[in-house]
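Hi there,

Here is the structure I promised to pass on to you. Have a look at it first, and my notes follow below.

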Amino acid sequence: MSSHEATQSELLTRARAVQLGNYAPAPLVFTRGEGRRLYDRDGRAFLDLSGGVAVNSVGHGHPVLAAAIAEQAARLMHVSNLFYNDRAIELASAIVDRTAFDRVYFCNSGAEANESLLKLARRFHHEQGQGDRVELVSTHRSFHGRTLGALSVTGQDKYHVGMGPLLPGVRFVPYNDVDALRAVIGPRTAAVLLEPVQAEGGIIPAAPGYLESVRALCDEAGALLLFDEVQTGYGRLGTFMGAERSGVVPDACSLAKGIAGGFPLGAIAVTERLANGLPPGSHASTFGGNALACAAGLAVLRIFDEESVLENVVREGDYLGQRLLELATQLDAVVEARGDGLLRGLVLSDGVDPGAVWRAMLDAGVALTLAGGNVLRFTPSLNVTREELDEGLATVAAVLAKTAEVAA
Ligand SMILES: *Cc1c(COP(=O)(O)O)cnc(C)c1O
């Protein structure tokens, strides 16, 4: 079957026959995107306020990003990590310049970045002669990825089903609970890992003072503090790193999702203290830091600067937050609005079927995602416009008003 001639329904039949059944996608095959618009095989347009789950940071088909990828693909894609390449050096420099971190390691995804953090934490203590510091502390409702290590520190049982035995030595505490953390942290703790806003868990921001308290507890206990900034980092909250406004600098953080605007790229950024935490031979990634992915990452930063994207996140994020608060007070289907920057959620009432809301939104032409089971999540590209938000919000209001009628 030539994919150029197949209809959408033929493609769907084919997909169900040849792709593994680990996803449950909507019955839509997208073939093109432009800005916040996605077009399916039948040519129907959708407003994308999901941004590919916080990945399409500068929208679909951005000409600067597309040109940078095309140019780099023709120039140099990959040389292995037996050599340096200019784009990786430039991107690492740019990240160091924009953050409190001093060193960068590149990989290809969020889970892989978190694996790298966990290995770094253990190996760092080993290098310090503290080889018994192996325990990892994570939080309930966290999400850190699907590889076995990242899964082992993910605090959601549904992802663990049938995957055990998982990594031993992991302790979970409730998020935003300083006393619970104090009770488990100690001389065997290698690191505490958490998200500045729990994203997949349901858009749960850190309480005021929480990150500061965690930093202090880690310092007292001699444990490393690691932030998973895969979803919150790189401008999503209106600052370059999500935790920036707290003033707390972790020893290291992970990045992925939006950092190359849709091209696969992950990274960890660390402070100088950890610069030698992974000595030569201790960790590696074949594709990590390839010139093509790094060129995409550099293009995203150029777009951030040229189009004042972070300012847009602050302005439009505040606006979206205000409008969602209004919806939460007006609509029976919504109990709460929460989030920060352009990472926002509407908590749906008991009795509202989140999957049905998600499907109704798609039927009405707007793509969103769910988080934490009952939260309608907004993660549009960071250069989303006021008009696009208004258009999407009008649909959200209409769909949720109807949903509440059905539930009542
Ligand atoms: C998406 C996500 C991950 C996993 O990233 P992958 O690229 O899917 O491996 C890890 N942590 C957080 C906070 C995420 O949002």
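P165 sits in the loop that runs between α6 (148-152) and β6 (170-173). The peptide bond leading into P165 from G164 is cis, with omega near 0°. Please keep in mind as you read that this is a predicted model.

Two backbone angles are also worth a look. Y234 is not a glycine, yet it has a positive phi of about 60°. You will find Y234 in the loop between β10 (224-228) and β11 (252-255). Is Y234 buried or exposed? Its relative accessibility is 2%, and because the cut-off for buried is under 20%, Y234 counts as buried. The other case is S308, again a residue other than glycine, with a positive phi near 45°. S308 belongs to the loop between α9 (291-306) and α10 (309-330). With a relative accessible area of 36%, S308 is partly exposed.

Now to the rings. How many aromatic pairs does a search of the whole structure find? The search gives five. One of them joins Y175 and Y210, an edge-to-face pair with 5.3 Å from centre to centre and 65° between the planes. This pair links distant parts of the chain, since Y175 is in the loop between β6 and α7 (178-184) while Y210 is in helix α8 (residues 210-221), 35 residues apart. Both Y175 and Y210 are buried.

Y234 comes back here, paired with F304. Their ring centres are 6.0 Å apart and the planes meet at 55°, so this pair is tilted. It also links distant parts of the chain: Y234 is in the loop between β10 and β11, F304 is in helix α9, and 70 residues separate them. F304 is buried as well, with a relative accessible area of 4%. Which residues do ring pairs link into a cluster with Y234? They are F240 and F304.

Finally, two arginines for your list of charges over rings. The charged end of R32 sits over the ring of Y39, 4.2 Å from the ring centre. R386 lies over the face of Y319, and here the distance to the ring centre is 3.9 Å.

If you want a place to begin, try Y234: it combines a positive phi, a buried position and a place in the ring cluster with F240 and F304.

Happy browsing, and best wishes!

Conventions
Residues numbered from 1 in each chain as written. Predicted model: local features only at pLDDT ≥ 70, side-chain atom pairs only at ≥ 80, totals over all residues. Heavy atoms only, no water. Helix = DSSP H or I, 4+ residues; strand = E, 2+ residues; numbered from the N terminus. Buried < 20%, exposed > 50% of the residue type's maximum accessible area, 1.4 Å probe, protein only. Phe/Tyr/Trp six-rings, centres within 6.5 Å; stacked < 30°, edge-to-face > 60°. Lys NZ or Arg CZ within 6 Å of the ring centre and 35° of its normal.
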